[in-house]
Every structure is written in structure tokens, then in C-alpha cells.
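Thanks for sharing this one. Here are my notes, set out point by point for you to follow alongside the coordinates.

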Amino acid sequence: MRKIISIIAGLLACFFSICDLQAQAEQEHSIAVSPMRKLQMAQFAIANLYVDQADEHKLVEKAIISMLGELDPHSTYSNAEEVKKMNEPLQGNFDGIGIQFNMAEDTLFVIQPVSGGPSEKVGILAGDRIVMVNDTLIAGVKMSTDDVMARLKGPKGTKVSVKVLRRGVDELLSFVIIRDKIPVYSLDASYMATSKIGYIKINRFGATTHDEFMEALASLKGQGMQDLILDLQGNGGGYLNAAIDIANEFLRQGELIVYTEGRRSPRREFLAKGNGRHQHGRLVVLVDEFSASASEIVAGAVQDWDRGMVVGRRTFGKGLVQRPIDLPDGSMIRLTVARYYTPAGRCIQKPYESIEQYNADLIERYNRGEMLSADSIHFPDSLKFKTHQLGRTVYGGGGIMPDCFVPVDTTRYTKYHSQLVNKGVLLKVHYQLIDNYRQKWLEEYDDYDHFYRRFELSEEMLAMLVKEGEKAGITFHEDQYKKSAPLLKLQLKALVARDLWDMNEYYHTINATNESVAKALELLQKAGDLFTP
């Protein structure tokens with residue numbers, strides 16, 4: 001018996017040895033032909049055997065870009081300079097001279113200096129034209145905006161000399177500006193739309209967004225705000241934590257804000273802390289087809305908990321989570337590792353089987369009438385979900401479908417209007433008006449409310465648009481002009497308000513004909529719950 005057992009044991013040992021050898025061989029074969037090994041061999045061969053000297057850095061960059069291009073629309077590669085430019089708006093500051101400006105007719109027009117910034121300290125004024133930087137002419141030489149910014153930006157504490165053309169002053173004015181940290185704000189505006197309704201517009205979700213929001217919220221509540229319009233139209237997203245912090249201000253403790261999940265990323269949930277400052281007042285969130293990512297997280301959380309009403313048009317549908325992977329030379333890969341899901345379990349990401357179709361999605365929405373009528377949007381039953389409090393039907397499949405649809409306003413837009421805007425004529429006339437009438441208007445309108453109620457552009461001022469348009473080669477069309485005249489008046493009035501006061505006054509003015517804002521006000525001015533018929 002012992003002999004039989006010994007024979008069996010020997011046979012088993014032999015069998016397992018053969019299996020180990022086979023597994024080892026398969027592993028070695030796998031390593032030998034692994035994708036990474038092939039890539040390394042190709043790079044080695046090019047570097048050591050190719051007939052000419054190859055730019056290895058360029059080859060590696062192209063290989064990385066090509067690999068990521070096979071994945072999804074949001075896994076991307078950025079070189080070191082692109083990483084720096086990309087991070088500045090989200091990090092909340094950069095080093096520079098502190099001005100808001102526009103480039104028009106190859107000239108840098110100062111819209112306004114940043115309050116307390118380096119330019120304001122030395123006396124730069126709104127309406128100034130910066131024509132030289134460190135003895136280099138930047139006006140009238142077709143210099144790109146990036147080149148101009150490169151000359152104005154620089155490390156904190158360094159100096160830059162500029163020469164300025166100012167209306168009413170014959171000679172150029174010289175200033176030496178000491179660069180400093182310049183804040184980049186993610187809130188465009190906050191104001192009281194009515195005596196009880198506040199309005200806050202967020203343009204991106206960055207490192208300082210929550211702090212800015214809390215400051216604005218406290219100010220509005222101090223002015224008597226009870227209900228809030230949160231405007232996320234055109235907001236392409238930003239940091240996940242910023243979106244979570246904003247949503248936390250509206251939800252109750254323990255309520256799920258968003259969760260992420262991926263093949264190698266276990267489900268991760270983000271819950272409200274219960275310390276939000278606007279958990280009880282009514283809330284309307286405005287979105288459109290350009291609201292994406294972090295904006296969709298906030299809108300989805302508000303909608304799924306029936307906390308407020310989402311108004312506007314279906315959002316972009318960007319629900320992929322990117323993990324930044326820093327590379328040694330300062331470049332970076334943003335690799336998709338998971339997907340975002342709303343509290344009801346809806347995947348925010350729209351389909352991307354075809355990258356070409358994905359990139360053309362917004363155009364297709366216009367073509368099939370989705371921007372003009374909610375009836376053109378159809379969802380299969382498999383994409384229906386229920387909200388947590390009221391059991392209302394909401395839809396998945398990509399993007400957030402609003403509770404209240406607002407079509408795109410096409411009644412005042414014409415080809416003539418778009419040409420005046422795209423060729424810079426509107427801005428040029430605005431600068432001429434500010435130059436000619438700034439002091440007069442400041443004396444005439446002692447505050448914004450007075451300006452908002454009484455200010456009107458004269459026919460003579462509007463005639464400047466037609467005249468400057470003809471100089472720019474734009475053919476005058478009377479019927480199109482009449483159709484767009486109310487919009488042109490409003491846009492010029494808003495630009496004047498911005499230059500006489502600030503961005504709050506710009507948005508307060510321009511929102512007068514924003515259909516989504518009007519719908520939000522209509523909903524909030526009714527008594528009772530937003531979802532009560």
C-alpha cells in the first residue's frame with residue numbers, strides 16, 4: 001500500500017512540475033510579446049539603429065497621444081506648457097499685472113484693472129490701451145493674445161514696463177508694474193434679482209469656488225434672500241471636490257451627492273455632511289448644452305433628491321472620471337478611470353462608441369430639433385429612473401434632462417448680428433462710447449438701479465454700429481438689423497454697465513432677456529413648492 005501511495009505521490013509531483021514549467025513558459029512567452037515590451041523594443045531600435053537622428057521626445061508624445069486616442073474622448077495628453085495654462089483657472093491665481101482686457105483691432109484694451117492688483121496700484125484705468133511692453137510694440141502688429149499675455153505675465157516680484165494711450169492725453173503714459181499673485185474668480189456674478197430671490201453664476205468649479213460661493217451666499221442672505229437661482233449655463237466643470245462642496249450646501253446629512261465606479265476603481269460614495277447653508281430655501285439650477293461634468297454632478301444631485309428644479313436644456317453628458325498622471329517633464333496624462341453616477345444611479349456620460357459621432361453630438365441635437373422642442377427628445381424605458389423623495393421620472397443615457405425645458409431663443413439672432421459680433425464691431429463701438437461718454441454717464445447715473453431703469457442707447461449711437469460694420473466689410477441688411485436691434489441695444493447696455501460698475505451689473509443687465517432666468521423667476525415667484533402644479 002505504501003508503495004502504491006509513493007508511486008501516486010511521485011506521479012502527482014511530476015504532473016505539477018510539468019504544469020509549473022508550462023505556466024512559466026506561457027508567462028515568459030507573454031512577457032516576450034507583451035505590448036509594453038514591443039513598445040520598448042521599437043523605441044530602442046529607433047534610438048540606436050535608425051539611419052537619421054530622430055526626435056525621441058516627439059515620437060514618444062505622438063505614441064502616447066495615439067494610444068489615448070483609442071480609448072475615450074476625455075483621456076488626453078498635455079505637454080508641460082498646456083498643463084500650466086490648464087491649471088491656472090482652476091487653481092485660482094496666477095502671476096501677472098492684474099487686468100481684464102480684450103484684444104480689438106490689434107490693440108489691448110483694458111476692461112478694468114483687478115481691484116487692489118498691481119495695475120490699479122500704479123494708476124492703470126479702464127479704457128486705457130497698452131501699446132508697448134518692455135519697449136516692444138504690441139499694438140497694430142497682429143500679435144496673438146497668447147504672445148501678449150506671455151509678455152505681461154511673469155514671476156511675482158518682477159517688473160514690467162508698459163506705455164499706455166489714454167483718451168484726452170496727448171503723449172504716451174509710462175508705468176512700471178510689479179507683478180503679483182492675481183486671483184482668478186470662478187463666480188461671474190451674484191446679485192438680488194428680486195427682494196427675495198438671489199442669483200449666483202458659477203463659470204467653473206475651481207479651488208476657490210466654494211469659498212467664493214459661500215461669501216456670495218452670505219452677502220445675498222444678508223440682503224434678504226430666501227430663494228436662489230444657481231446659474232450653471234455654459235459651465236464646463238472642473239474639480240470634483242468643488243462640485244461636492246457646492247451640492248453639500250443644498251442637501252441634508254447623509255444624502256448621496258454622487259458616486260464613482262470603474263473596472264479598477266471600486267465604488268466610492270460622496271455624502272452630504274448636513275451643514276449646508278441653503279438646505280431650506282427654494283432652489284432653481286440653470287443648465288444648458290454646454291453645462292458639463294461638475295455642473296452635471298450638482299444638477300443631478302439636486303434633481304434626484306427633488307431638492308430644487310433644474311431648468312434649461314439637456315446638459316452635455318460628460319461623466320467620465322479622469323485621474324491626472326504627472327510625467328517627469330511636467331507633462332501630464334489625464335486617464336479615465338471611472339464613471340460618475342447620480343444618486344438615483346444614472347450614468348452622466350453619454351455614449352462614445354464613435355468618437356466622430358460623439359464630437360458632432362451638439363450639432364446633431366440642433367439638427368433634430370432638440371434645442372427648440374422637448375417633444376423631439378425620446379428616451380427608452382430602460383433609461384427611466386425615479387427621484388428619491390417624490391418618485392418623479394428622470395432619465396439617464398447621458399447628460400441631465402431638465403425638469404423644465406427652455407428652448408434656444410432664435411428670435412433676435414441674424415447673420416448680420418453675428419458678423420457685427422464676430423468681426424469685433426460691437427466691442428469697437430462699445431469702446432468708442434465708453435471713451436466719449438464715461439464721465440457724463442457716471443455723473444448722470446448715481447447708481448446702477450437708476451442706470452438700469454433709465455439708460456437707453458440713442459439712434460445716433462446705434463448708427464455707429466452700422467457705420468463701423470460697413471468699414472469692416474459687413475453689408476447692411478435693414479430687415480436683419482431691425483430684428484437684431486433690441487439684442488444689440490441690450491448687449492451694448494450690458495457692456496457699458498460692466499465698465500461703469502462690474503460683472504454683477506453686466507449679468508444683471510444681460511439676463512433681462514435670458515429665457516432660462518425668466519423661467520426661474522416665474523417659478524420662484526409662485527407660492528408653494530416648486531413641484532406643485
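1. A word on terms to begin with: helices (H or I, at least four residues) and strands (E, at least two) are DSSP runs, numbered from the N terminus. Residues are numbered from 1 along each chain as its sequence is written, and side-chain values use heavy atoms, with hydrogens and water left out. Please keep in mind that this is a predicted model, in which local features need pLDDT of at least 70 and side-chain atom pairs count only at pLDDT 80 or more, while totals for chains, interfaces and linings use all residues.

2. The overall picture. The chain has 18 helices and 21 strands, and its C-alpha atoms fill a box of roughly 115 × 70 × 45 Å along the principal axes. Of the 533 residues, 46% are buried (under 20% relative accessible area; exposed is over 50% and partly exposed lies in between, with a 1.4 Å probe and protein chains only). Taking contacts (heavy atoms within 4.5 Å) between residues at least 6 apart in sequence, 69% join residues at least 24 apart.

3. Asp306 and Gly391. Asp306 lies in the loop between α9 (294-304) and β16 (309-312). Its phi is near 55°, a positive value in a residue other than glycine. Most residues other than glycine have a negative phi. Asp306 is buried, at 11% relative accessible area. One residue that touches Asp306 is Gly391, which also touches Lys386, leaving out residues up to four places away in sequence. Gly391 belongs to the loop between β19 (384-386) and β20 (393-395) and is partly exposed at 34%. Its C-alpha atom is 34 Å from that of Ser186, with the two positions 205 residues apart along the chain.

4. Glu212 and Ser186. Which residues does Glu212 contact, leaving aside neighbours within four places in sequence? They are Val184, Tyr185, Ser186 and Leu187. Glu212 is part of helix α7 (residues 209-222) and is buried, with 12% relative accessibility. The C-alpha atoms of Glu212 and Ser186 are 7.6 Å apart, although the residues are 26 apart along the chain.

5. Strand β5 and the loop after it. Val131 sits in β5 (residues 129-133) and is buried at 10% relative accessibility. Beyond four places in sequence, Val131 touches Thr136, Leu137, Ile138, Ala139, Lys163, Leu165 and Leu172. Asp135 is in the loop between β5 and β6 (136-137). This residue is exposed, at 64%, and has a positive phi near 65°.

6. Helix packing around α16. Two packed helices are described by the angle between their axes and the distance between the axes. The axes here are lines fitted to C-alpha atoms, for helices over the stretch in contact, and angles run from 0 to 180 degrees between N-to-C directions. Helix α15 (residues 459-471) meets α16 (residues 478-500) at about 110°, with the axes 11 Å apart. That makes the two roughly perpendicular (65 to 115 degrees; under 35 is roughly parallel, over 145 roughly antiparallel and the rest oblique). Glu459, Leu462, Leu465 and Val466 of α15 make the contact with Tyr481, Leu488, Lys489 and Leu492 of α16. These residues divide into six nonpolar, no polar and two charged (Ala, Val, Leu, Ile, Met, Phe, Trp, Tyr, Cys and Pro count as nonpolar, Asp, Glu, Lys and Arg as charged, and the others, Gly among them, as polar).

7. The α12 contact. Helix α12 (residues 415-422) packs on α16 at about 40°, with axes 8 Å apart, and the two are therefore oblique. Among the residues making this contact are Tyr416 and Leu420 of α12 and Tyr481 and Leu488 of α16. This time the split is six nonpolar, four polar and one charged.

8. Aromatic residues. Rings of Phe, Tyr and Trp (its six-membered ring) pair if their centres lie within 6.5 Å; planes under 30 degrees apart are stacked, over 60 edge-to-face and the rest tilted. That rule gives 18 aromatic pairs. In one of them, the rings of Tyr445 and Phe451 have centres 5.5 Å apart and planes at 85°, so the pair is edge-to-face. Tyr445 is buried at 7%, and Phe451 is buried at 0%. Both belong to an aromatic cluster with Tyr437, Trp441, Tyr448, Tyr452, Phe455 and Trp501.
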